[in-house]
Amino acid sequence: MSEAKVPELPTTSWAVLGMLSHAEELSGYDLKKWADWSLQFFYWSPSFSQIYAELKRLEKHGYATSRTVLQDDGVRGKRMYAITEAGRAAAAQWVNHAPVEAPVLKHSVMLRVWLGHLAEPDRLRGILTEHIDYAERMRKLAEMDAEGADENPDWAYPGAVLRWCVRHYEAERDFAKELLTDIAKLADAPKRPPRSRSRKVS
């Protein structure tokens, strides 16, 4: 497949298509579970509405197909989705040839600390303590999911990324602990009046 034949789709489309490439068939519910199991640790977890919107887009481009499978009661049905050969080729084209966007860090906790001179000390410590707990919780979840991925040889690459996520959240936790120590020292330091800075204009 030539690069020109691959349409410009949002990254979420490729993420959903990529999840489909790991299985023969998946429902929208399955895809949401997979996103929560893996994608949320390093990218994000799309909502059900976003997943179904992307599945419609992928079907429109011929990258996925769907069929209705009856439940055990013989009345209710669920829609199952599968990647097509064209979809697999397009996903491979995107992985190998599309420009890689630089990661964008939007760290709301660090923004609060950056504005720490305006913060109440107890509140600032509370924000960092909550973030440490969050990072440790995410580390444990990623570790559990990495161990689960190790049980299936087909999930070798997701497993490798999940192990990276374990190290990432471990570092995030430790950095936040160090920052908590730093702001404790700042709180004990004598207050200095703000200095005005003038810029020379040539």
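The paragraphs below lead through a predicted model, from a pair of helices to a sheet, and then to a long-range contact and a further helix.

Two packed helices are described by the angle between their axes and the distance between the axes. For helix H1, residues 11-20, and helix H2, residues 28-37, the axes come within 10 Å and cross at roughly 105 degrees. Because angles of 65 to 115 degrees count as roughly perpendicular, H1 is described as roughly perpendicular to H2. On the H1 side the contact is made by Val-16, Met-19 and Leu-20, and on the H2 side by Leu-31, Trp-34 and Ala-35. The residues of this contact comprise six that are nonpolar, with no polar and no charged residue.

The sheet comes next. Three strands, in the order E1-E3-E2, form an open sheet with antiparallel pairing. Strand E1 (26-27) and strand E2 (64-70) each have a single partner strand and therefore stand at the edges, so that one side of each is left without a neighbour in the sheet. Between E1 and strand E3, residues 77-83, which run antiparallel, there are two bridges, and Ser-27 stands opposite Met-80 in E3. Helix H3, residues 48-60, packs on this sheet and touches both E2 and E3, its direction making about 120 degrees with that of E2.

Returning to helix H1, one may ask which residues Ser-13 touches beyond those up to four places away in sequence. Ser-13, whose place is in helix H1, touches Glu-54, Arg-57 and Leu-58 when those sequence neighbours are not counted. Ser-13 counts as buried because its relative accessible area is 0%, whereas the cut-off for that term is under 20%.

Glu-85, found in helix H4, residues 85-97, has a relative accessible area of 67% and is therefore exposed. Although Glu-85 and Tyr-63 are 22 residues apart in sequence, they are 7.4 Å apart in space, C-alpha to C-alpha.

The last element is helix H7, residues 156-188, whose 33 residues reach 49 Å from the first C-alpha to the last, close to the 48 Å expected at 1.5 Å a residue. The buried residues in H7 are Pro-158, Gly-159, Leu-162, Cys-165, Val-166, Tyr-169, Glu-172, Arg-173, Ala-176, Leu-179 and Ile-183. What covers these buried residues includes H2, together with helix H5 (108-114) and helix H6 (121-149). Helix H2 thus appears twice in this account, in the contact with H1 and in the covering of H7.

Note on methods: Residues numbered from 1 in each chain as written. Predicted model: local features only at pLDDT ≥ 70, side-chain atom pairs only at ≥ 80, totals over all residues. Heavy atoms only, no water. Axes fitted to C-alpha atoms, helices over the stretch in contact; angles between N-to-C directions. Helix = DSSP H or I, 4+ residues; strand = E, 2+ residues; numbered from the N terminus. Parallel < 35°, antiparallel > 145°, perpendicular 65-115°, else oblique. Contact = heavy atoms within 4.5 Å. Nonpolar A, V, L, I, M, F, W, Y, C, P; charged D, E, K, R; others polar. Pairing = 2+ DSSP bridges. Buried < 20%, exposed > 50% of the residue type's maximum accessible area, 1.4 Å probe, protein only. Expected span 1.5 Å × (residues − 1).
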